Amino acid sequence: MGEYQKITERASLYDNLESMNSEDLLQKINQEDKKVADAVQDVIPQITKLVDALVVRFEKGGRLFYIGAGTSGRLGILDASEIPPTFGMPHDKVIGIIAGGDGAIRKAIEFAEDNTLQAWKDLQKFDINENDTLVGIAASGTTPYVLGGIKDAKANGLLTAGITNNPGSPLANDTDIPIAINVGPEFVTGSTRMKSGTSQKLVLNMISTALMIKIGRVKGNKMVDMQLSNNKLVDRGTRYLVEALNMPYKDAEKALKKHGSVRAAIAAIG
C-alpha cells in the first residue's frame, strides 16, 4: 500500500500551531475549510454516476449501504439515519454500518477497522443482494474493514463506490465508482476528522438528497413525506400546506394531522 503518498498524511501547511492565538487558529482553519467545496465540485461527475445508478437500482428494490470506520463510519450512519425523518423512507432503505458495531458510534473500538472479513459478515445481517449498492467511506482509502467489504461485495455482484480523500488509493482503485476528493493536507497533520470529514459529509448529503429527489420524495422544493415527529415538523408541514393550498393555518394543521403527511393532504384536498 506504500507506493503512493497519502495526501491525508502530508504535513500541514502551517506549523507552530501551539503558538498561535485563538483567532489566528480559527482564521487559518477557516481558510483551509474554504478549499473543501471546490474539491467536492471536482468530483461531481463521479457523484452523478453513482446517483443515476442508485435511482435505477432503487426502482428494482435495491438499497444503499454505507460502511466505514471511525469518523467515516459515523458520517455514513448520520446520513442514513436522517433519511426516514426527512423523506419518510423506511429505515431499511439507506443503512450505515460502522466497524466495531453501534458501540463505536460513541467510543472508538480498538483495531475494529483492521478486520478485512467483518464488513461482509455485518452486511449479511441485512440479506444483502445484487440489487444493493455498497459505498465504502475511508479518508485514507486503505481501511481494511472497508476494502474487505468492497472486495466481497464486488465478488457477489453488488455495485460498489468509494469515498476517499486519497486519489490513487486502494479504495479509489478497487471500486466501480471512485469518488476521490483531494482536499489537501489537514490543518493538524493527519487529522481527517477535519477537511476530509467535512468533504465526506458534503458528498453524502449530495448522494442521498439527489437520490431522494430523483425517486420522488420531494415535491417542488418541499419535503412532502417528512415524518411529523415533533412540533417543529408539524408546523413546517402545516406551512407547506398553507402555501400549496392557500388555506388557513388551523385548517391546514388539521388536514395534516388527519392525513399524516404533506403529500397525502395535498392529494386528498388539492
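1. A quick convention before the helices: the expected span of a helix is 1.5 Å times one less than its number of residues. Helices here are DSSP runs of H or I with at least four residues, strands are E runs of at least two, and both are numbered from the N terminus. By that yardstick helix 8 (residues 195-214), with 20 residues, reaches 28 Å from first to last C-alpha, close to the 28 Å expected.

2. Keep in mind that this is a predicted model, where local features need pLDDT of at least 70, side-chain atom pairs count only at pLDDT 80 or more, and totals for chains, interfaces and linings use all residues. Residues are numbered from 1 along each chain as its sequence is written, and side-chain values use heavy atoms, with hydrogens and water left out.

3. Staying with helix 8, its buried residues (under 20% relative accessible area, 1.4 Å probe, protein chains only) include V203, L204, I207, L211 and M212. Just after helix 8 comes G216, with a positive phi near 95°.

4. Helix 2 (residues 44-59) packs on helix 8 at about 40°, axes 9 Å apart. Axes are lines fitted to C-alpha atoms over the stretch in contact, and angles run from 0 to 180 degrees between N-to-C directions. The pair is therefore oblique, the class left once under 35 degrees is roughly parallel, over 145 roughly antiparallel and 65 to 115 roughly perpendicular. The crossing is right-handed, meaning the near helix is turned clockwise from the far one by less than a right angle.

5. What makes that contact (heavy atoms within 4.5 Å)? Helix 2 brings I44, I47, L50, V51, D52, L54, V55 and F58, while helix 8 brings V203, M206, I207, A210, L211, M212 and K214. By class there are 13 nonpolar, no polar and 2 charged residues. Nonpolar covers Ala, Val, Leu, Ile, Met, Phe, Trp, Tyr, Cys and Pro; charged covers Asp, Glu, Lys and Arg; the others, Gly among them, are polar.

6. Now helix 9 (residues 231-245) and helix 11 (residues 262-269): about 30°, axes 10 Å apart. That makes helix 9 roughly parallel to helix 11. The contact pairs G237, Y240, L241, A244 and L245 of helix 9 with V262, A265, I266 and I269 of helix 11. These residues split into 8 nonpolar, 1 polar and no charged.

7. Two backbone spots to look at. Most residues other than glycine have a negative phi. N16, not a glycine, has a positive phi of about 50°, and N16 sits in the segment before helix 1 (22-42). D127 also has a positive phi, near 50°, in the loop between helix 5 (118-124) and strand 3 (133-137). D127 counts as exposed (over 50%) at 63% relative accessibility.

Definitions and conventions: Contact means heavy atoms within 4.5 Å.
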